[in-house]
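Student: I'd like to go through this one by asking what each label rests on. Could you set every value against its cut-off as we go?

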Amino acid sequence: MKVATEVKPRRAVLEMPEYHPPLAGRDALRLDFNENTFAPSPKVMERLREITAEGLTKYPEREPGERIAAKHFGLNPDEVLLTNGVDEAIHLVCCAFLEEGDEALICTPGFFMYDVSIMMMTPNLRKVQADEALQFPFEKFLAAITERTKLIIVSSPNNPTGAVVSREHLLAIAKAAPQAVLMVDEAYYHFHGETTIGDLRAVPNLLVARTFSKAYGLANLRIGMLAGNTALMKYVRKVSSPYNVNGVALDCLTVALADEDYLAWYVEQVRVGRDRMMRGLDELGVPYFSSHANFVLMKIGPKHKELVTAMRSHGILLRDRSADPGCNGFVRITIGIEEHVRLGLAALRSSLEEIGWKPTDVRTVQQSSEGEREFE
């Protein structure tokens, strides 16, 4: 009998994609990762100063935080699971509901961690490309559901486009696939304001994911939330570690939730700043997609890399999204507080002039399985 001479992982691990976020060298104004560009609630900083050495020696207790979060969102504690960011929520849902032969369905372009977590469980990931205007392709998406579909993930607002999916369409998707879990990723909910969280008890296959990284400004603490009816959440909780969220994050979450005035202030800063950014892009002749999130996706064309480099020289970080399906030549800019929007627009004006960009440089690129083609 021949003995293997090296350890190999599961086939799915060999074949799944890897996510490598470009996080190195972010010592500039962070308009690249859709984070809160300013700070969390001042009450969070106060709570951090109250943490004791003894407190750090204890295992975290997630349940008290879940009770507070559940009450805040009008849910029962057994309908809520706090997670290590939305990334872990996606991972847990895939672990709980996907077998190797099942199909999962997503829309592209979208959050790449969907691909990673799904393909760790099954190779049968089906992707429906957004239309030319990067709006959600509802009819095509509905038609892609099969009897083998066991997980559907839809983000609203979507990253990187900022497009939204109506509640009516989301509920229609859930109804069309009663054998599948529909997870609605509402990471950017606060900047849009529409949610399906009120439908959780009436729709038996619906889950909603939220993050506290964006509007609440807790990205470094890694805390998110998954909500659903008691039956679904029982399965997700079963595959979750009991200590998945650290105690510092749990302590800070409770005071962040309580400071509704600060949250409202920051969300309004983003709303006003987003409008200002889109007006500024109109003046510059830069095409963009109307956004419902805390970022705007711009169509730059062949000079997209030059723009990102030029903006960095002005102390501003942008995110090149050209690798996303249907997004060749597109660059995303995060919207933060008023001063950061002002600085971002000023640097954008200078950078576009420096690289010699003109509105006529823009070409729309449609990506397909056969490759890419350009058209006017």
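Tutor: Gladly! Let's start with burial: a residue is buried under 20% relative accessible area, exposed over 50%, and partly exposed in between, using a 1.4 Å probe and protein chains only. This is a predicted model, in which local features need pLDDT of at least 70 and side-chain atom pairs count only at pLDDT 80 or more, while totals for chains, interfaces and linings use all residues. Residues are numbered from 1 along each chain as its sequence is written, and side-chain values use heavy atoms, with hydrogens and water left out.

Student: Why is Phe 141 called buried?

Tutor: Its relative accessibility is 0%, and the limit is under 20%, so Phe 141 counts as buried. It sits in helix H7; helices (H or I, at least four residues) and strands (E, at least two) are DSSP runs numbered from the N terminus.

Student: Which residues does Phe 141 touch, leaving out those up to four places away in sequence?

Tutor: Contact means heavy atoms within 4.5 Å. By that test Phe 141 touches Leu 105, Ile 106, Cys 107, Val 128, Phe 136, Ile 152, Ile 153, Val 154 and Ile 173. For a C-alpha distance, take Lys 127: it is 14 residues from Phe 141 in sequence and 8.7 Å away in space.

Student: Cys 107 is on that list. How do you know that Cys 107 is in no disulfide?

Tutor: A disulfide is a covalent bond between the sulfur atoms of two cysteines. Here the working test is a pair of cysteine sulfur atoms within 2.5 Å. The closest cysteine sulfur to that of Cys 107 belongs to Cys 327 and is 11 Å away, so the two are too far apart for a bond. The structure as a whole holds zero disulfides.

Student: What makes Cys 107 and Cys 327 buried?

Tutor: Cys 107 has a relative accessible area of 12%, and Cys 327 has a relative accessibility of 0%. Both values fall under the buried limit, so both residues take that label.

Student: Why is Thr 230 called partly exposed?

Tutor: The relative accessible area of Thr 230 is 38%, which lies between the two limits, so it is partly exposed. Thr 230 belongs to helix H9, residues 230-238. Not counting residues up to four places away in sequence, it touches Asp 78 and Glu 79. Leu 200 is 30 residues from Thr 230 in sequence and 9.5 Å away, C-alpha to C-alpha.

Student: What makes Gly 329 buried, and where is it?

Tutor: Gly 329 has 3% relative accessibility, so it counts as buried. Its place is in the loop between strand E12 (319-320) and strand E13 (330-334). Leaving aside neighbours within four places in sequence, its contacts include Met 298, His 304 and Ser 322.

Student: What is notable about the backbone at Asn 34 and Leu 134?

Tutor: Asn 34 has a positive phi of about 60° although it is not a glycine, and phi of Leu 134 is near 60°, also in a residue other than glycine. Asn 34 lies in the loop between strand E1 (29-30) and helix H2 (42-50), and Leu 134 in the loop between strand E4 (125-129) and helix H7 (138-143). Asn 34 is buried at 1% relative accessibility, as is Leu 134 at 4%.

Student: Which peptide bonds are described as cis?

Tutor: One runs from Thr 108 to Pro 109, with omega near 0°. Another joins Ser 156 and Pro 157, with omega about -5°. Pro 109 lies in the loop between strand E3 (103-108) and helix H6 (112-121), and Pro 157 in the loop between strand E5 (149-155) and helix H8 (167-176).

Student: Now the whole chain, with its 13 helices and 15 strands. Why is it called as compact as a globular protein of that length?

Tutor: The radius of gyration is taken over C-alpha atoms, and the globule rule is 2.2 Å times the number of residues to the power 0.38. The chain's radius is 21 Å, close to the 21 Å that the rule gives for 376 residues, so it is as compact as a globular protein of that length. Buried residues make up 53% of the 376. Of the contacts with a separation of 6 or more, 71% are between residues 24 or more positions apart.
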